[in-house]
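Student: Please select one part of this model for a close look and describe it in detail. I should then like to see how a few individual residues elsewhere are placed.

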Amino acid sequence: MEALQIILAGSLVAIACGLLGCFLVLRKMAMVGDAISHAVLPGIVLAFLFTGSRDSVTMLIGAGAIGILTTFLIEFFHKKGKLQTDASIGVTFTWLFAVGVILVSAFAGKVDLDQDCVLYGEIAYVPLDLWITDSGLVMGPRVLYITGTVLIILIAFIVLGYKELFLTTFDPGYASAIGISTAVWHYLLMGAVSLTTVASFESVGAILVVALLIAPPATAYMLTENLKKMLILTSVLGVFISAGGYYLAAWLDGSIAGAMASVAGLLFMLAFLFSPGNGVIYKSISRRSKPATDPS
């Protein structure tokens, strides 16, 4: 039963992160999730300083607000400062992380308050973190309800805004010409990424969230160029990574999160080498099988 709960939690996070990761990979903004994981520290500290509470919900609200600010600053520096996207990401998350470190050292140095408090979750603890009602009724792992709710919201967001997300990703010029605001849909997408990553950090840990945000979409992108097929394939890969990673960790008696991230990396390498159409081995064989052109 505990194995099923861990695999189910990992699958829900993998699908949620993967669906958003598809758009990040296609927009060449795959490292935004990693940036958010570093940049939200000031939000955690400010939430504690204003409320005096280390409650997870309070921390997540503070972290989520700074996560959205992070995406705004990345886009602002990119558009207004003419910086490359990777430079904007690097400047923003290092600056905000440094501000968070200063706030901790200056105002919360005597309190055990850092990202480990609320963000660096451990997926092995999912069966132990139960939702118990005031009447004492045990509802099951709390993570499943949080990640399940986030996933439902994300699916509704993508289904209802599929046309706008598709056009602003592949042809922003045409989208603007027909009245679709690329800026609005960019910030809606980045807001969804921010809240999903921050909510998932507490469940499975920051490293696994970043891996699930990038590896399954990148693998699916090697296998198909159709966005709908890419979204479906990413979800299937996410479930396989969760189940395969769990049983690999059980076999090795090692870290579950590490095993899941390793399976994700292995699948990408297999797609990179053997993907029909985009794999390096397939391309090599195709070039050799073509008849040599007569120079005369």
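**The hairpin and three single residues**

Tutor: Strands E1 and E2 form a hairpin in which five residues lie between the two strands. Within that turn, Gly136 has a positive phi of about 90°. The model is predicted, so local features are reported at pLDDT of at least 70, side-chain atom pairs only at pLDDT 80 or more, and totals for chains, interfaces and linings over all residues. Residues are numbered from 1 along each chain as its sequence is written, and side-chain values use heavy atoms, without hydrogens or water.

E1 covers residues 130-132 and E2 covers residues 138-141; the two strands run antiparallel and pair over two bridges (pairing requires at least two DSSP bridges). Ile132 is bridged to Val138 in E2. Strands here are DSSP E runs of at least two residues and helices are H or I runs of at least four, numbered from the N terminus.

Positive phi values also occur away from the hairpin, at Lys28 and at Asp253. Most residues other than glycine have a negative phi. For Lys28, which is not a glycine, phi is near 60°. The residue belongs to the loop that links helix H1 (2-26) to helix H2 (32-39). With a relative accessible area of 70%, Lys28 is exposed (over 50% is exposed, under 20% buried and the range between partly exposed, for a 1.4 Å probe and protein chains only).

Asp253 likewise is a residue other than glycine with a positive phi, here near 55°. Its place is the loop between helix H12 (227-252) and helix H13 (256-274). Asp253 counts as exposed because its relative accessible area is 73%.

Val32 brings the description back to helix H2, in which this residue lies. Whereas Lys28 is exposed, Val32 is buried, because its relative accessibility is 1%. Apart from neighbours within four places in sequence, Val32 is in contact with Thr71, Ile89, Met190 and Val193 (contact means heavy atoms within 4.5 Å). Ile15 precedes Val32 by 17 residues along the chain, and the C-alpha atoms of these two residues are 17 Å apart.

In summary, the hairpin has Gly136 with its positive phi in the turn, Lys28 and Asp253 have positive phi values in loops between helices, and Val32 is a buried residue of helix H2.
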